[in-house]
Amino acid sequence: MADATDDTLRIAVLIGSTRDGRFGPVVADWIAGHIAEREDMEADLIDLVDTPLPTVLPAFGRPPSDEVVSLLGAVTPRLAGADAFVIVTPEYNHSFPASLKNAIDWHNEQWHAKPVGFVSYGGIAGGLRAVEQLRVVLAELHAVTIRNTVSFHNYGEVFGADGKPSDPASDVAAKAMLDQLTWWGQALRTARQARPYAV
Ligand SMILES: Cc1cc2nc3c(=O)[nH]c(=O)nc-3n(C[C@H](O)[C@H](O)[C@H](O)COP(=O)(O)O)c2cc1C
């Protein structure tokens with residue numbers, strides 16, 4: 001990995017699934033590997049199994065309990081410190097997993113004016129229905145979603161025992177998505193520094 005500089009974008013890579021026996025970490029490790037090879041970004045892998053969040057939100061205007069504060073402390077500062085995000089999501093019933101939505105819903109300004117790229121996987125649709133629904137959710141949170149996605153259709157046939165997709169087109173797709181994420185990440189970081197996003 002290249003040494004981080006002031007220009008280096010911090011990319012929070014969020015593993016959306018928490019299912020026992022899940023495939024998500026394989027996909028996340030692959031895209032994190034792509035990020036590690038680049039000089040313009042570094043990855044912070046956030047695994048919601050290692051850093052679980054409660055599924056009960058606090059009442060409006062009521063501070064969360066000490067226990068909840070402690071659980072959030074393992075995730076929230078990392079989202080806040082990120083310049084951009086990569087969400088790794090499977091498709092559950094034509095949408096994204098509840099675990100991912102829960103992590104999104106616990107946060108708000110941490111998403112503001114930041115770009116989000118997607119790596120999805122699933123059956124014939126490659127998780128793209130989850131991605132398209134995530135775009136709607138993230139627009140509400142003032143995030144900017146990246147046009148190009150990386151999607152693995154019938155992913156079980158795509159990944160080798162080495163945890164890497166066999167088709168080099170996946171690496172090309174990853175580069176295109178990460179290039180766009182860099183453009184938006186740099187542009188929005190500069191903009192946020194010049195004028196804090198408060199609209
Ligand atoms: C609750 C549930 C619903 C699913 N629904 C879909 C679906 O709508 N479309 C699809 O392509 N795959 C669907 N699948 C298959 C998942 O894409 C596949 O199991 C994948 O491995 C899930 O990601 P994970 O292993 O990281 O949990 C579903 C799986 C589960 C557990």
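Below are exercises on this predicted model, each with a worked solution.

Residues are numbered from 1 along each chain as its sequence is written. The model is predicted, so local features need pLDDT of at least 70 and side-chain atom pairs count only at pLDDT 80 or more, while totals for chains, interfaces and linings use all residues.

**Exercise 1. Describe the fold order and the overall dimensions of the protein chain.**

Step 1. Take helices and strands as DSSP runs, numbered from the N terminus: helices are H or I with at least four residues, strands are E with at least two. The protein chain has six helices and six strands.

Step 2. Read them from the N terminus: β-α-β-α-α-β-α-β-α-β-β-α. The radius of gyration is 16 Å, close to the 16 Å that the globule rule gives for 199 residues, so the protein chain is as compact as a globular protein of that length. (The radius is taken over C-alpha atoms; the rule is 2.2 Å times the number of residues to the power 0.38.)

Step 3. Add the extents. The C-alpha trace spans about 50 × 40 × 30 Å along its principal axes.

**Exercise 2. Characterise the burial and the largest nonpolar core.**

Step 1. Apply the burial cut-offs: 20 or more other C-beta atoms within 10 Å means buried, 12 or fewer means exposed, and in between means partly exposed, with C-beta atoms placed from the backbone. Buried residues make up 36% of the 199 residues in the protein chain.

Step 2. Join buried Ala, Val, Leu, Ile, Met, Phe, Trp, Tyr and Cys residues through C-beta atoms within 7 Å to get a nonpolar core. The largest has 47 residues. Ile11, Val13, Leu14, Ile31, Phe85 and Val88 touch the most other members.

Step 3. Put this in context. In soluble globular proteins, nonpolar side chains tend to be buried together.

Step 4. Inspect Val13. Contact means backbone-placed C-beta atoms within 7 Å. Leaving out residues up to four places away in sequence, Val13 touches Ala28, Ile31, Ala32, Ala43, Asp44, Leu45, Ile46, Val86 and Val88.

Step 5. Check contact range. Among contacts with a separation of 6 or more, 80% join residues 24 or more positions apart.

**Exercise 3. List the closest residues around the ligand and classify the shell.**

Step 1. Count residues whose backbone-placed C-beta atom lies within 6 Å of the ligand. The ligand is surrounded by 13 residues, the closest being Ser17, Arg22, Pro90, Gly122 and Gly123.

Step 2. Sort the shell. Ala, Val, Leu, Ile, Met, Phe, Trp, Tyr, Cys and Pro are nonpolar; Asp, Glu, Lys and Arg are charged; the others, Gly among them, are polar. The result is four nonpolar, six polar and three charged residues.

**Exercise 4. Place Val144 in its surroundings.**

Step 1. Val144 sits in strand β5 (residues 144–145). Val144 is partly exposed, with 19 other C-beta atoms within 10 Å.

Step 2. Beyond four places in sequence, Val144 touches Pro115, Trp184 and Leu188. Gly117 is 27 residues away from Val144 in sequence, with a C-alpha to C-alpha distance of 8.8 Å.

**Exercise 5. Locate two non-glycine residues with positive phi.**

Step 1. His94 has a phi of about 65 degrees. His94 lies in the loop between β3 (84–90) and α4 (98–105), and is exposed, with 12 other C-beta atoms within 10 Å.

Step 2. Asn154 has a phi near 45 degrees. Asn154 is in the loop between β6 (150–153) and α6 (169–194). Asn154 is exposed, with 12 other C-beta atoms within 10 Å.

Technical notes: Two residues are in contact if their C-beta atoms, placed from the backbone, lie within 7 Å. A residue is near a molecule or strand if its C-beta atom, placed from the backbone, lies within 6 Å of it.
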